[in-house]
Amino acid sequence: SVRNFVDYNNLSFIYSTGLSVSNSSNNTIRYNRIFNVTYAPINVNTLSQYNSIIGNTVENNTLRALVINNASFNTVENNTFRNVELFEVVNFAYNNTVTNNSLINSNYIGIGLGSNAHNNTIQRNRLYDSPRAPFALNLDTGAADNYYSDNNLTGFRGFGVYLDNASRNHF
């Protein structure tokens, strides 16, 4: 799919994924309220590129709030994630921008970059009030050449930044 707008929807009590973009480009997901979704309220995956995820509110989901998997050149900005397991998982993804988002009360990881995440920019995000979460920023094996700056990480019980066999990242 190309050039679709998903605007101003309320999605709740969904067992799997709230909004999913797969093999798609130039779509905009904005100003949606997504809550009580089991897996991933927002899922950008499988060769998706140049999509914008802007101004959404995600609350009370049991697993991942946002997943970017095998996707590139996507923008995630000005979203609020509250009472989630973890904010973002980026795997096999490159050149994505995550900026000006708020994460309140994560249970596990704030922002996680996983296997083969390269050249992603994580900037000016606010991650706070997560006393149960062991990691604010987690970079897993193979995460390389990612850029982090001006993130506010407050109230995590463990590591602010955790590097697990990651390399050439810039803080």
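Is tyrosine 94 buried, partly exposed or exposed, and what is its relative accessible area? Tyrosine 94 is partly exposed (between 20% and 50% relative accessible area, with a 1.4 Å probe and protein chains only), at a value of 40%. The model is predicted, with local features requiring pLDDT of at least 70 and side-chain atom pairs pLDDT 80 or more, while totals for chains, interfaces and linings use all residues. Residues are numbered from 1 along each chain as its sequence is written, and side-chain values use heavy atoms, without hydrogens and water.

Tyrosine 94 lies in the loop that links β11 (80-91) to β12 (97-99); strands are DSSP runs of E with at least two residues, numbered from the N terminus. Strand β11 runs parallel to β8 (residues 57-59), to which three bridges join it; strands pair if DSSP finds at least two bridges between them. Valine 58 has phenylalanine 81 of β11 as its bridge partner. Strands β9 and β11 are also parallel, with five bridges, and arginine 64 stands opposite leucine 86. Eight bridges connect β11 with β13, again in parallel, and valine 84 is partnered there by serine 106.

The largest nonpolar core (buried Ala, Val, Leu, Ile, Met, Phe, Trp, Tyr and Cys residues joined through side-chain atoms within 4.5 Å; buried means under 20% relative accessible area) has 34 residues, of which Phe81 and Leu113 touch the most other members. Its largest share, four residues, is contributed by β11. Beyond four places in sequence, leucine 113 touches residues including Val90, Ile122, Leu139 and Tyr148, contact being heavy atoms within 4.5 Å.
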